[in-house]
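This report covers pockets, domains and one helix pair. Have the model open while reading.

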Amino acid sequence: MTPPPLTLLYVPADRPDRVSKALASDADVVLVDLEDAVAPARKDEARAAMLRLLADASPARPVQVRLNRPGTPWHAGDLAAVAGLPAAVGARLPKIEEPDEVRALAAALPGRALHPLLESALGVERALEIATASPQVASVGLGEADLRSDLGVADDAGLTWARSRVVVAARAARLPPPAMSAYPHVRDLAGLAASCREGRALGFRGRTAIHPAQLDTIRAAFLPTAEEIERAREVVSRLAGATQAGVGALALADGTFLDVAMLEQARAVLALAGVPRP
């Protein structure tokens, strides 16, 4: 069981100095952005800078490039540029609403991991169709700034159903748990931590960041605590023994009733913590 990345750092492609620093950071994934973080007048410059940094060799760490969406003046150039990058570089697909959009991009980028973002009510409603549109889909996620605008909601309460919808769709499609959308208040690390805990309770694992200062807070919020690790060890040990003995259910010392359906969740906790599988 491979744990999902916990920290995914966005960096504007038109700032090659920042891209280089991001590649040297401890982010699990670097998200080189050709879309929202780049002004229209700098799109071509951003694409050229991205190619100089990524085209000649495999990146220092996992990288995804966020394209400009189909229908924009920059999409065709972005698509051609990403098609020439090393195969390990994934494509982050903004504002996806149709499964056919994913299939078209999969045909244009064969063999490359695709990461659709759902940023509208229609995209959220079609979450499972989008998540299963192509074998190249490696994850799905939300773009919450655009989604808030589309739904007309002002706080996280209005996003709860959409967040749960994408978690369920990812699971149904046998994809990794989705990462949360970026927290926009860079200096509010306490708020970031609280928001991450809420997302973790809904089933998210990890989060995109817009500043390196957010990485440690995100990682700490999503890594299992010592108590969670110890409990997972106990669950795995007890249930594995019960399975071998032909026992279908049992209780822990504190009286918590367990059955074999909880084994996968406990193993996921240990994998996320980097604990070898028992």
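## Pockets and domains

In this predicted model, helix α12 gives seven residues to the lining of the largest pocket, the largest share. Helix α12 spans residues 263-272. Two other elements also give two or more residues to this lining: α8 (160-172) and α11 (226-244).

The lining of the largest pocket has 30 residues in total. Nearest the pocket centre lie Arg205, Glu264, Gln265, Ala268 and Val269. By class, 19 of the lining residues are nonpolar, three are polar and eight are charged.

Where does the largest pocket lie with respect to the domains? The domain assignment of the chain gives domain 1 (7-222) and domain 2 (226-273). Both domains give residues to the lining, so the largest pocket lies between them. The C-alpha centres of domain 1 and domain 2 are 34 Å apart.

The second largest pocket has a volume of about 710 Å³. Its lining has 36 residues, and Tyr10, Ala182, Tyr183, Thr208 and Ile210 are the closest to its centre. Five elements are listed as giving two or more residues to this lining: strands β1 (7-12), β6 (141-142) and β7 (207-209), and helices α1 (16-23) and α7 (144-151). By class, the second lining has 16 nonpolar, seven polar and 13 charged residues.

The table sets out the volumes and lining classes of the two pockets.

| Pocket | Volume | Nonpolar | Polar | Charged |
|---|---|---|---|---|
| Largest | about 990 Å³ | 19 residues | three residues | eight residues |
| Second largest | about 710 Å³ | 16 residues | seven residues | 13 residues |

## A helix pair

Now turn to helices α2 and α3. Helix α2 covers residues 43-54, and helix α3 covers residues 75-83. Their axes come within 11 Å and cross at roughly 5°. Angles under 35 degrees count as roughly parallel, so α2 is roughly parallel to α3.

Which residues make the contact? From α2 come Arg47, Met50 and Leu51. From α3 come Gly77, Asp78 and Ala81. By class, the contact of α2 with α3 has three nonpolar, one polar and two charged residues.

## In brief

The largest pocket, at about 990 Å³, lies between domain 1 and domain 2. Helix α12 gives the largest share of its lining. Tyr10 and Tyr183 are among the residues closest to the centre of the second largest pocket. Helices α2 and α3 run roughly parallel, with Met50 and Ala81 among their contact residues.

Terms used: Residues numbered from 1 in each chain as written. Predicted model: local features only at pLDDT ≥ 70, side-chain atom pairs only at ≥ 80, totals over all residues. Heavy atoms only, no water. 1 Å grid on protein atoms, 1.4 Å probe; cavity = no way out; pocket = protein on both sides within 12 Å on 5 of 7 lines; lining within 4 Å. Points joined across faces, edges and corners; volume = space filled by probe spheres on them. Helix = DSSP H or I, 4+ residues; strand = E, 2+ residues; numbered from the N terminus. Nonpolar A, V, L, I, M, F, W, Y, C, P; charged D, E, K, R; others polar. Domains from an automatic or database assignment. Axes fitted to C-alpha atoms, helices over the stretch in contact; angles between N-to-C directions. Parallel < 35°, antiparallel > 145°, perpendicular 65-115°, else oblique. Contact = heavy atoms within 4.5 Å.
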